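Work through the following exercises with the sequence and the three-dimensional structure side by side. Try each task by yourself before you read its solution.

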Amino acid sequence: MTANIPAMKVTATADFMPTITIDGGPTAVGIPATGDIIKEMCVEVSSQSLEDVFVELNAKRDKDKLNREKNAKIQKTCRDRKKENDIAVKKELDRSQAEVKSLKTQLVGAQMLATAVTEYHRKHALVGLSVSTSASVKRFLDKRSRSLVNMEEDSAE
């Protein structure tokens with residue numbers, strides 16, 4: 001079919017049936033549409049054969065199909081990256097929670113040790129401690145007394 005038809009318009013309608021309009025009167029073409037077609041696609045035809053029109057339509061469909069496939073690959077890649085990121089964030093959160101639990105346990109132990117050192121110092125001062133240990137206990141008690149004084153000053157204000 002290589003006949004030239006001037007001023008012809010080809011439209012893919014909402015029901016995906018290509019329709020040719022010549023001089024304002026619609027004439028349905030008996031070729032059913034296949035695949036997903038853009039709902040409103042218009043191609044102005046001027047001195048082209050019907051074969052050329054349908055070649056253009058098929059080329060447009062192929063291009064759209066390739067674009068959909070490309071977009072599907074991109075979307076899958078994005079979903080995979082998000083999933084990997086979510087797994088990494090969950091692992092980091094679990095690690096952080098375990099570290100917080102460990103630190104809380106250490107803090108309880110340190111508080112008990114601080115109380116024991118304070119009581120020992122009240123009863124025995126630095127008697128019976130080695131030189132390095134007595135220096136450490138003295139520094140600890142100085143820091144503790146300074147922090148208690150600072151806390152009292154802050155609460156008084």
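The exercises below go from single helices to their packing, then to a loop, and last to salt bridges.

This is a predicted model, in which local features need pLDDT of at least 70 and side-chain atom pairs count only at pLDDT 80 or more, while totals for chains, interfaces and linings use all residues. Residues are numbered from 1 along each chain as its sequence is written, and side-chain values use heavy atoms, with hydrogens and water left out.

**Exercise 1. Compare the span of each helix with its expected span.**

Step 1. Helices here are DSSP runs (H or I, at least four residues), numbered from the N terminus, and the expected span of a helix is 1.5 Å times one less than its number of residues.

Step 2. Helix 1 covers residues 50-124, which is 75 residues, and the distance from its first C-alpha to its last is 109 Å, close to the expected 111 Å.

Step 3. Helix 2 covers residues 131-156, and because its 26 residues should span 38 Å at 1.5 Å a residue, the 38 Å between its end C-alpha atoms agrees with expectation.

**Exercise 2. Find which residues of helix 2 are buried, and examine S134.**

Step 1. A residue is called buried under 20% relative accessible area, exposed over 50%, and partly exposed in between, with a 1.4 Å probe and protein chains only.

Step 2. In helix 2 the buried residues are S134, V137 and L141, and what covers them includes helix 1.

Step 3. S134 has a relative accessible area of 15%, and therefore it is buried.

Step 4. Contact means heavy atoms within 4.5 Å, and, once neighbours within four places in sequence are left aside, S134 is in contact with L126 and L129.

Step 5. For helix 1, the buried residues are L50, V53, F54, L57, R61, D64, A114 and T118.

**Exercise 3. Describe how helix 1 and helix 2 are placed relative to each other.**

Step 1. Two packed helices are described by the angle between their axes and the distance between the axes.

Step 2. Axes are lines fitted to C-alpha atoms, for helices over the stretch in contact, and angles run from 0 to 180 degrees between N-to-C directions.

Step 3. The axes of helix 1 and helix 2 come within 11 Å and cross at roughly 105 degrees. That makes helix 1 roughly perpendicular to helix 2, since angles under 35 degrees count as roughly parallel, over 145 as roughly antiparallel, 65 to 115 as roughly perpendicular and the rest as oblique.

Step 4. On the side of helix 1, A114, T115, V117, T118 and H121 take part, and they meet V137, F140, L141 and R144 of helix 2. By class, this contact has five nonpolar, three polar and one charged residues, where Ala, Val, Leu, Ile, Met, Phe, Trp, Tyr, Cys and Pro count as nonpolar, Asp, Glu, Lys and Arg as charged, and the others, Gly among them, as polar.

**Exercise 4. Say what can be noted about A125.**

Step 1. A125 lies in the loop between helix 1 and helix 2.

Step 2. The phi of A125 is positive, near 55 degrees, in a residue other than glycine.

Step 3. A125 has 35% relative accessibility, and so it counts as partly exposed.

Step 4. Between the C-alpha atoms of A125 and K138, which are 13 residues apart along the chain, the separation is 9.6 Å.

**Exercise 5. Look at salt bridges within helix 1.**

Step 1. A salt bridge is a side-chain nitrogen of Lys or Arg within 4 Å of a carboxyl oxygen of Asp or Glu, and the structure holds six salt bridges.

Step 2. An α-helix has 3.6 residues a turn, so residues three or four places apart point the same way.

Step 3. K76 and D80 form a salt bridge at 3.1 Å, N to O, and both lie in helix 1, four residues apart, about one turn of the helix.

Step 4. K82 and D86 form a salt bridge at 3.2 Å, N to O; K82 counts as exposed because its relative accessibility is 52%, whereas D86, at 41%, counts as partly exposed.

Step 5. R95 and E92 form a salt bridge at 2.6 Å, N to O, and they lie three residues apart in helix 1. Salt bridges that share partners join E92, R95 and E99 into one network.

Technical notes
Helices (H or I, at least four residues) and strands (E, at least two) are DSSP runs, numbered from the N terminus.
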